[in-house]
Amino acid sequence: MRAAAQGIVWIGVFLGVCVAPLAFALMGVNRPGQGFWTDFSVALGFVGLALIGIEFALVARVRAIAEPFGTDAVIQFHREIGYVGLAFIVVHMALSGPGVFAAFSPTELPWRARFAVLSVLALLILMVTSVWRRRLRLSYEVWQALHAVMATVAVVAALIHVLLVNYYIDSLWKQVLWAIMSAAFVGLLLWIRVLRPLWLWRRPWAVEQVIPERGRITVLVLRPNGHDGLRFQPGQFAWITVGRSPFSVTSHPFSFSSSAESAEAGGTVAVAVKALGDFTSGVSAVQPGTTVYVDGPHGVFSIDQYEGAGFCLIAGGVGIVPALSMLRTLADRDDVRPVVLFSAHRDWDSVPFREEIGELTGRLNLRVVHVLEQPPPDWTGETGHITADTLRRHLPSAHPRFQYFICGPNPMLDAMEAAIPQLGVPIDRIHTERFAWV
């Protein structure tokens, strides 16, 4: 109920932020030559700006915002309202003065229009590089830096544009409202780029061990340096900065692989990283003693968030990492509830942590089902992809009362979200964690 109440509050805040800017355009005395379409375009512009400001809040890593909905839902909402906000702003620009074609002759525009054009161009660059990042062959690090810079340019240019237009904020109450909105934008920027990195800078971690694992995975064991560490729930993740300042633009999200119980009383934590290119390909070369900054924990993809008679964990590839954290934690807690793990990989040699998972079957009421795309000749287990029939063959009769946690490639998650309800499992018992956000 607490999460539901928080969700309702945040939805109310979202609607309020979207509606409040309409006061700039819809309240007050019309000026000569200012008709319906002018007021309408201004309303669209202010609402679009408010949506772009909300985008900052969604990616500010504020746990209170993400917890009621889940990180996946927040990221997806971030994408969708980005499209809507851009559409509002482009239509606003098209209906106001010179329109979008003015961008081709910026030297003839007044400065207020130049900043409008700059804001729209920054938004377009941000959108194109996000939607087609892989086609443009942008590394994650380059994309993240470009995303941060373009978002900042878009918002600052839009704020300057409104100030230069001036006559929509010419009364005291409008100036107060605009000052509150501007302060919120600036406050979010300060939190993201100054205050949070400063807090992280005062809480460094050090790499204690670098452990290679099958499937091109490297485990980093981290120890708190001069502080009490952190506590997390099994299945959660953190944003990790390795060997760089916490003020650097780029950081990377990785799931904890260790037991949540090991983090108690300032203990070590472990994250597991798969070499997929860019930064991750060099993780195996990280040296013990390297300084690391850990921004977390984040996410609600955890067995501690949902009560159930048992658990079904479905993992594909590196999605085994949060599942392993859950299994290790359950074992440390002597939990006797039944657990079924479906572990999907290309071949037997690429299955990470398989020896430890096998040992955990002796400490837990655990059944492990390996599913291989390319099985060895003597393989007698499941092959191909996980389907509803695969689940039916191995889940116990009490499975409708289980909680289901799925992590892996997006196609697998989409397939499981369609398959699991066929087993009579309520949708609110199905929880996903997607790694491919961009």
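A nonpolar patch on the surface of this predicted model is formed by Val 62, Val 186, Leu 190, Trp 191, Val 194, Leu 195, Leu 198, Trp 201 and Phe 247, which together have about 780 Å² of accessible area. Such patches join nonpolar side chains within 5 Å, from residues with over 30% relative accessible area and no salt bridge, a salt bridge being a side-chain nitrogen of Lys or Arg within 4 Å of a carboxyl oxygen of Asp or Glu; areas come from the Shrake-Rupley method with a 1.4 Å probe. Val 194 lies in helix H8 (residues 172–201), helices being DSSP runs of H or I with at least four residues, numbered from the N terminus. At 36% relative accessibility, Val 194 counts as partly exposed, a class between buried (under 20%) and exposed (over 50%).

Within the largest nonpolar core, of 30 residues, Leu 49, Phe 56, Leu 123, Val 155 and Phe 185 touch the most other members; a core comprises buried Ala, Val, Leu, Ile, Met, Phe, Trp, Tyr and Cys residues joined through side-chain atoms within 4.5 Å. At least two residues of this core are supplied by each of H3 (36–58), H5 (71–95), H6 (111–131), H7 (140–165) and H8. Another core, of 28 residues, lies apart from it and includes Leu 330 and Phe 353.

Leu 330 is one of the buried residues of H9, a helix of 13 residues (320–332). Because 12 of its 13 residues are buried, H9 is largely enclosed by the rest of the structure.

Residues are numbered from 1 along each chain as its sequence is written. Local features need pLDDT of at least 70, and side-chain atom pairs count only at pLDDT 80 or more.

Conventions:
Side-chain values use heavy atoms; hydrogens and water are left out. The expected span of a helix is 1.5 Å times one less than its number of residues. Buried means under 20% relative accessible area, exposed over 50%, partly exposed in between (1.4 Å probe, protein chains only). Patches are made of residues with over 30% relative accessible area and no salt bridge: like charges are joined within 9 Å, nonpolar side chains (Val, Leu, Ile, Met, Phe, Trp, Tyr) within 5 Å.
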